[in-house]
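Good morning, everyone. Please bring up the structure on your screens, and I will walk you through a few places in it, one after another.

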Amino acid sequence: VQLQASGGGLVQAGGSLRLSCAASGGTVSSYRMGWFRQAPGKEREFVAVIRRSGSTTYYRDSVKGRFYISRNNAKNTVYLQMNSLKPDDTAVYYCVADRGSPVTANDYEYWGQGTQVTVSS
């Protein structure tokens, strides 16, 4: 599967962005889909994941209640709605997919190209 992430940009603290991850060559409902991010000088970190069922989601603690992952099977796209953004959310965000039950970043087989999110204070 190929993943194309989009929707990043520059936003002020407290603002919102919605990231999109369009899949081709496979259907999003067949994969565990998620988002990771990497800030300059920091390790890549998990943000959110949606399981194949589409009804189970997980988030890192720092984004719970602010970020929401969802999936549109008809559009074969996964979204990350990001609200109440903080400067600490500044990073390159990557869409990921795997047919199994990955846990860490290294477990995910498919990665999109990344989209930059910059939150100004």
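Let me begin with a single contact in what is, I should say at once, a predicted model: a polar atom in the side chain of threonine 90 lies 2.9 Å from the backbone nitrogen of valine 119. To find threonine 90, look in the loop that runs between strand S8 (77–82) and strand S9 (91–98). If we set aside the neighbours within four places in sequence, threonine 90 is in contact with Ala39, Gln116, Val117, Thr118 and Val119.

Now to the interior. As a general point, nonpolar side chains in soluble globular proteins tend to be buried together. Here the largest nonpolar core has 30 residues, and those that touch the most other members are Met33, Trp35, Leu80, Met82 and Tyr93. Several strands supply at least two residues each to this core, including S8 and S9, between which we have just been looking, and also strand S4 (32–38) and strand S11 (115–120). Apart from this core lies another, of five residues, among them Phe36, Val49, Val96 and Ala105.

Methionine 33 deserves a moment of its own: leaving out residues up to four places away in sequence, methionine 33 touches, among others, Leu3, Cys21, Ile50, Ile69 and Cys95.

Finally, the largest pocket, which holds about 200 Å³ of space. Of the 14 residues that line this pocket, Arg37, Lys42, Glu45, Asp88 and Asp89 are the closest to its centre. Sorted by class, the lining has eight charged residues, three polar and three nonpolar.

Terms used. Residues are numbered from 1 along each chain as its sequence is written. This is a predicted model: local features need pLDDT of at least 70, side-chain atom pairs count only at pLDDT 80 or more; totals for chains, interfaces and linings use all residues. Side-chain values use heavy atoms; hydrogens and water are left out. On a 1 Å grid over the protein atoms alone, a cavity is a set of points where a 1.4 Å probe fits but cannot get out, and a pocket is an open set with protein on both sides within 12 Å along at least five of seven lines; lining residues have an atom within 4 Å of a point. Grid points are joined across faces, edges and corners, and a volume is the space filled by probe spheres set on the points. Ala, Val, Leu, Ile, Met, Phe, Trp, Tyr, Cys and Pro count as nonpolar, Asp, Glu, Lys and Arg as charged, and the others, Gly among them, as polar. Helices (H or I, at least four residues) and strands (E, at least two) are DSSP runs, numbered from the N terminus. A polar contact is a pair of N or O atoms within 3.5 Å; within protein, one must be able to donate a hydrogen and the other to accept it, and residues adjacent in sequence count only if both atoms are side-chain atoms. Contact means heavy atoms within 4.5 Å. A nonpolar core is a set of buried Ala, Val, Leu, Ile, Met, Phe, Trp, Tyr and Cys residues joined through side-chain atoms within 4.5 Å. Buried means under 20% relative accessible area, exposed over 50%, partly exposed in between (1.4 Å probe, protein chains only).
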